[in-house]
Amino acid sequence: MSSFLEYVPGTSLLHRMNPVAKLAAAALFAVACFCSSNLVFLAVLLAVGFALAATCGMMRPAIGLAKAVFAFSLILAVVQILTTSSGAVLVELPWGYIGTGSLLAALTTVVRLVAAAIPLFLVFYVTKMNDITNAVVKVLHVPYKYAFTFTSTIHFIPLFMNDMKGIMEAQTARGVEFDAGGIVRKVRLMVPLCVPLLVSSVRKTNSAAIAAEVRGFNLRGVASGYKEYPFAGYDVAVMAVAIALVACAVTLGIVL
Amino acid sequence: MIEISNFSFKYRESDQPVVSGIDLTIPDGAFVGITGAAGSGKSTLTYALNGIIPHCYPGDFYGSVVIDGLDTCDVVLTDVSQVVGSVCQDVDSQFVTSIVEDEVLYGLENFGVPRDEIEGRVSRALADMGISDLRDRVISSLSGGQKQKVAIASILALNPRVLVLDEPTAELDPASSQAVFDLLARYAREHGTTVVVVEQKIALLSQYADLLVIVDEGRIRFADEPAKVLEHSDELKRIGVNCPRSTTLMNRLRAEGLYGGASVRNVREAREALKEVLA
């Protein structure tokens, strides 16, 4: 089982697509989500996101991600419910009211965030980090240092999560009960662990920087990458569909 | 040729030099083993050899380290890296990609190895380390030993003139450790590569090294042929370096006047020596 945002080998269409096309399509998909407030359209996009995850065998990580984004977007949704007074009155508040419109707006926010996140995260599960770096350098001419910094950040997320898990297991072995009590207690127990995690993270990133440097990091240029990243017919088709989705979202935003 | 002259180094955050007064000459193609107790300055010595000191760790650097005519203080780290290939102690933090193949490719791409050579070098390095079947694997899914082999393969692919390895077999079982040393020795022979290995397993070092260096409290205590260094097994024990039991046994027999030959490095040599004693 792979870690969070870690590449999972495979041969699906999403795996085979050009990394730049995948990134562009995922970004356009997210743009489409933010261009429309039509709940039905957003629900369709959400379904498309899950369908994409299913085609490359990433349904489980997609559901996990959706749950995480859902939890985060709930905070926004609550704020929206309490601050947006519209539609039929359901609950009176001292500063306004909670109405059917408030609930609809909150639901739209939740669906929008989950729908936008799934394809973006999916890109990292179906693309080797090195391919993303090399492709954006070769195709988009992004300076290698920036591309490497971005992908290294993603590369380190699962490593740091593993470190945190290791520290927590070590603490559990010494009697700390992370699984007892509520979320507040768990967070309170985890805060002191951030210091050793930070120390080990700084050490790891420093070592990785040195390791990259002793293997010629500073000599790398646009043409250094060994692999080529040509665009295939399906790359163009997927990007065209993504552009069409943005067009649909904009049209729905204007018409409705 | 590597020439270390009167080298001392004090990390910025420490009060005392970690290594001091190091003088060492390593001829081309030599296989050098460096060992010593924990905290004796072995790793610092390797950092000096691969240019990480003074380029990445700030501190007070005295003396000189010259590798193939390059004074490591006068050139940038990238220049040193084109001569010296390094495998760090913590291989996990050495990886800059997430797939085995990409990791081996990384240095080759950076150093501008011609495209038609790259595939051959990747395949050969993986085959040499016996990990061809791991080529498409995600690095985080590998065992500690497999990761160490990937780290070594990614450096071997660069065909460096000098190889500096800091505890390359730390996570390997005895058979795999022996296999790695076999490979390093063969590789050094075939390519005329100078190999410097820091290792705790003195039995392995003494079996393969032409020159065995013992570091104690930042200074070189012994630097000689393994058999000659092993003659000092009692002193080595005092400074935290445990010799193989067979070596200690034969040294005691020598002290008792029962054996007059050279120090033995392993059980096989001890058995041969004992046969002579008993004959």
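Two residues count as in contact here if their C-beta atoms, placed from the backbone, lie within 7 Å. The model is a predicted one, so to speak of local features a pLDDT of at least 70 is needed, side-chain atom pairs count only at pLDDT 80 or more, and totals for chains, interfaces and linings use all residues. Residues are numbered from 1 along each chain as its sequence is written, with chains lettered from A and ligands numbered from 1 in the order in which they are written.

On confidence, the predictor gives the complex an ipTM of 0.82 and a pTM of 0.83. Chain B has a mean pLDDT (the predictor's confidence in each residue, from 0 to 100) of 90, and 100% of its residues reach 70 or more.

Turning to the interface, 28 residues of chain B touch 27 residues of chain A. Helices (DSSP runs of H or I, at least four residues, numbered from the N terminus) H3 (77-81), H4 (100-110) and H5 (115-128) of chain B each give two or more residues to that side of chain B. H4(B) gives the most, six residues.

As for packing, the largest nonpolar core (buried Ala, Val, Leu, Ile, Met, Phe, Trp, Tyr and Cys residues joined through C-beta atoms within 7 Å; buried meaning 20 or more other C-beta atoms within 10 Å of a residue's own) has 136 residues. Val32(B) is among those with the most contacts inside this core. Leaving aside neighbours within four places in sequence, Val32(B) contacts Ile26(B), Val195(B), Val196(B), Ala209(B), Asp210(B), Leu211(B) and Val213(B). A second, separate core has five residues, including Met250(B) and Val264(B).

How values were computed: A residue is buried if 20 or more other C-beta atoms lie within 10 Å of its own, exposed if 12 or fewer, and partly exposed in between; C-beta atoms are placed from the backbone.
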